[in-house]
Amino acid sequence: MSEQEVGLRARLVAVGVDLVTQEGVQALSLREIARRAGVSHGAPRRYFPTHLELLSAIAREGFAELGAEAAEELREGQEGPRAQLAALARIYVDYALSHRGMYELMFRHDLLESNRLGLRETSLPLFGTLVDLVSRARPDVRAPEVAGALWANLHGIAQLWGWGSLRLATGADGVEPFVRAALDAHLGPERR
């Protein structure tokens, strides 16, 4: 690929990232991305033969951003796996609430081609980190299942909070009590 082609491919993905961030998944049509990138509506097909491939490339950017945020936080030396899990849980829920369109796209595997474009290589390491931390915090459990259940719980917290359901049902002022409760439910109460 020439530099110009690489530049256009990157511009299409960047436009898609901006579009999903501002307007949500429903706005991610090939035609709209092409229009905003200033190219013909057929141009994206040269780099992304299917709409799913372009969506996957956009989602890959979200996974990379979330992964970088998590890596940065975990590098800052939280003590112990439980504290690291708490930090990772907060980052995950905060990302979900502050990047709603991207977050929705990232986990809509029915819209993505996760075996192409390196999407799995970008998304699975974060889950691997979660599994590792769970196994260190709870060596007595099957870490992949507990990590999966914790992830599902955090995902549900983020979705229900974003929709207003948790706030309505509980009167809570923020998601932190739910994140702590999820950690306690899957890891046992925190020892003080």
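**Close-up views of an all-helical predicted model**

**Figure 1. Helix 4 has the length its residue count calls for.** At 1.5 Å a residue, the 25 residues of helix 4 should cover 36 Å, and the C-alpha atoms at its ends are indeed 36 Å apart, so expectation and model agree. Please keep in mind that this is a predicted model. Helix 4 covers residues 51-75. Its buried residues are Glu-53, Leu-54, Leu-55, Ser-56, Ala-57, Ile-58, Ala-59, Gly-62, Phe-63, Leu-66, Ala-70 and Leu-74.

**Figure 2. The whole protein chain, for orientation, contains 10 helices and 0 strands.** Read from the N terminus, its elements follow the order α-α-α-α-α-α-α-α-α-α. The C-alpha trace spans about 60 × 35 × 30 Å along its principal axes. Of the 192 residues, 43% count as buried. Among contacts with a separation of 6 or more, 67% come from residues 24 or more positions apart.

**Figure 3. Ile-58 and Leu-154 in the largest nonpolar core.** This core has 58 residues, and Ile-58 and Leu-154 are the ones that touch the most other members. At least two core residues come from each of helix 1 (3-23), helix 2 (30-37), helix 4 (51-75), helix 5 (80-98), helix 6 (100-106), helix 7 (119-137), helix 8 (143-162) and helix 10. What does Leu-154 contact, once its neighbours within four places in sequence are left aside? Its partners are Ala-89, Tyr-92, Val-93, Val-179 and Ala-182. Two of these partners, Val-179 and Ala-182, are among the buried residues of helix 10.

**Figure 4. Helix 5 meets helix 8 in a right-handed crossing.** The two axes come within 9 Å and cross at roughly 35°. On the helix 5 side, the residues that take part are Leu-85, Ala-89, Tyr-92, Val-93, Ala-96 and Leu-97. Helix 8 answers with Leu-150, Trp-151, Leu-154, His-155, Ala-158, Trp-161 and Gly-162.

**Figure 5. Helix 4 and helix 5 also pack in a right-handed crossing.** Here the axes come within 10 Å and cross at roughly 150°. Helix 4 brings Gly-62, Glu-65, Leu-66, Glu-69, Ala-70, Glu-73 and Leu-74 to the meeting. From helix 5 come Gln-84, Ala-87, Leu-88, Ile-91, Tyr-92 and Tyr-95. Is Glu-73 buried, partly exposed or exposed? With a relative accessible area of 25%, Glu-73 is partly exposed. The C-alpha atom of Glu-73 is separated by 22 Å from that of Arg-191, a residue 118 places away along the chain.

**Figure 6. Tyr-95, a residue of helix 5, and its surroundings.** Tyr-95 has a relative accessibility of 1%, so this residue counts as buried. Setting aside residues within four places in sequence, Tyr-95 is in contact with Gly-62, Glu-65, Leu-66, Glu-69, Met-102 and Met-106. One of those partners, Glu-69, is 26 residues away in sequence, with a C-alpha to C-alpha distance of 9.1 Å.

**Figure 7. Leu-28 in the loop between helix 1 and helix 2.** Is this loop residue, Leu-28, buried or exposed? Its relative accessible area is 3%, so Leu-28 is buried. Beyond the residues up to four places away in sequence, Leu-28 touches Gly-16, Leu-19, Val-20, Ile-33, His-51, Leu-55, Ile-58 and Leu-105. Ile-58 is one of the two residues that touch the most other members of the largest nonpolar core. By C-alpha atoms, Leu-28 and Arg-191 are separated by 46 Å, with their positions 163 residues apart along the chain.

**Figure 8. Ala-34, a buried residue of helix 2.** The relative accessible area of Ala-34 is 0%. Leaving out residues up to four places away in sequence, Ala-34 touches Val-39, Ser-40, His-41 and Pro-44. Leu-8 is 26 residues from Ala-34 along the chain, and their C-alpha atoms are separated by 10 Å.

**Figure 9. Helix 10 and its buried face.** The buried residues of helix 10 are Phe-178, Val-179, Ala-182, Leu-183, His-186 and Leu-187. Why do these buried residues line one face of the helix? Viewed down the axis of helix 10, they fall within an arc of 145°, so they line one face. The helix runs over residues 176-187, and its 12 residues should span 16 Å at 1.5 Å a residue, which agrees with the 16 Å between its end C-alpha atoms. Gly-188 follows helix 10 and has a positive phi, near 90°.

Notes. Residues numbered from 1 in each chain as written. Predicted model: local features only at pLDDT ≥ 70, side-chain atom pairs only at ≥ 80, totals over all residues. Heavy atoms only, no water. Helix = DSSP H or I, 4+ residues; strand = E, 2+ residues; numbered from the N terminus. Expected span 1.5 Å × (residues − 1). Buried < 20%, exposed > 50% of the residue type's maximum accessible area, 1.4 Å probe, protein only. Arc of directions from axis to C-beta. Core = buried A, V, L, I, M, F, W, Y, C linked by side-chain atoms within 4.5 Å. Contact = heavy atoms within 4.5 Å. Axes fitted to C-alpha atoms, helices over the stretch in contact; angles between N-to-C directions. Left-handed = near helix turned anticlockwise from the far one by under 90°.
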